[in-house]
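This report describes the fold, the helix packing and the surface of the model shown below.

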Amino acid sequence: MTDSNSPPRPNNIHIFFSWIGGTIGVSIIALLSKTLDYPLLMAPFGGICALLFGVPESPFSQPRN
């Protein structure tokens, strides 16, 4: 059962590049945390990655002043 108000499923290329972007971003933060011996906050970064790479057209993903 699908909801008529649901957005259409993104194509597989978009899903793949979203996954690659999220993986690279989280890996860089993890590498910096390990290299600097300073634990960086991963939870807020994970949420930001989900918005920016998963649904970039969402109003919550758009930058504002």
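## Overall composition

Of the 65 residues in the chain, 14% are buried (under 20% relative accessible area, against over 50% for exposed and in between for partly exposed, with a 1.4 Å probe and protein chains only). The model is predicted, so local features need pLDDT of at least 70 and side-chain atom pairs count only at pLDDT 80 or more, while totals for chains, interfaces and linings use all residues. Residues are numbered from 1 along each chain as its sequence is written, and side-chain values use heavy atoms, with hydrogens and water left out.

The chain holds 2 helices and 0 strands; these are DSSP runs numbered from the N terminus, with H or I over at least four residues for helices and E over at least two for strands. About 5700 Å² of the chain is exposed, and carbon and sulfur atoms supply 69% of that area (Shrake-Rupley method with a 1.4 Å probe; for residues, only the protein chains shown count as cover).

## Helix α1

Helix α1 covers residues 12–36. Its 25 residues should span 36 Å at 1.5 Å a residue, and its end C-alpha atoms are 36 Å apart, which agrees; the expected span is 1.5 Å times one less than the number of residues. D37 follows α1 and has a positive phi, near 55°.

The buried residues of α1 are S18, G21, G22, G25, I29 and S33. An α-helix has 3.6 residues a turn, so residues three or four places apart point the same way. S18 counts as buried because its relative accessibility is 15%. The side chain of S18 also reaches the backbone oxygen of H14 at 2.8 Å, a polar contact (a pair of N or O atoms within 3.5 Å; within protein, one must be able to donate a hydrogen and the other to accept it, and residues adjacent in sequence count only if both atoms are side-chain atoms).

## Packing against helix α2

Helix α2 comprises residues 42–54 and includes G54; F53 lies in this helix as well. Leaving aside neighbours within four places in sequence, S18 is in contact (heavy atoms within 4.5 Å) with F53 and G54. On the same basis, F53 contacts H14, S18, G21 and G22, and G54 contacts H14, S18 and C49.

F53 and H14 are 39 residues apart along the chain, with their C-alpha atoms separated by 8.9 Å. For G54 and F17, 37 residues apart, the C-alpha separation is 9.2 Å. F53 is partly exposed because its relative accessibility is 30%; G54 is partly exposed, with a relative accessible area of 34%.

## Nonpolar surface

I24, I28, L32, L36 and Y38 make a nonpolar surface patch of about 520 Å². Patches are made of residues with over 30% relative accessible area and no salt bridge, with like charges joined within 9 Å and nonpolar side chains (Val, Leu, Ile, Met, Phe, Trp, Tyr) within 5 Å; a salt bridge is a side-chain nitrogen of Lys or Arg within 4 Å of a carboxyl oxygen of Asp or Glu. L32, in helix α1, counts as partly exposed at 40% relative accessibility.
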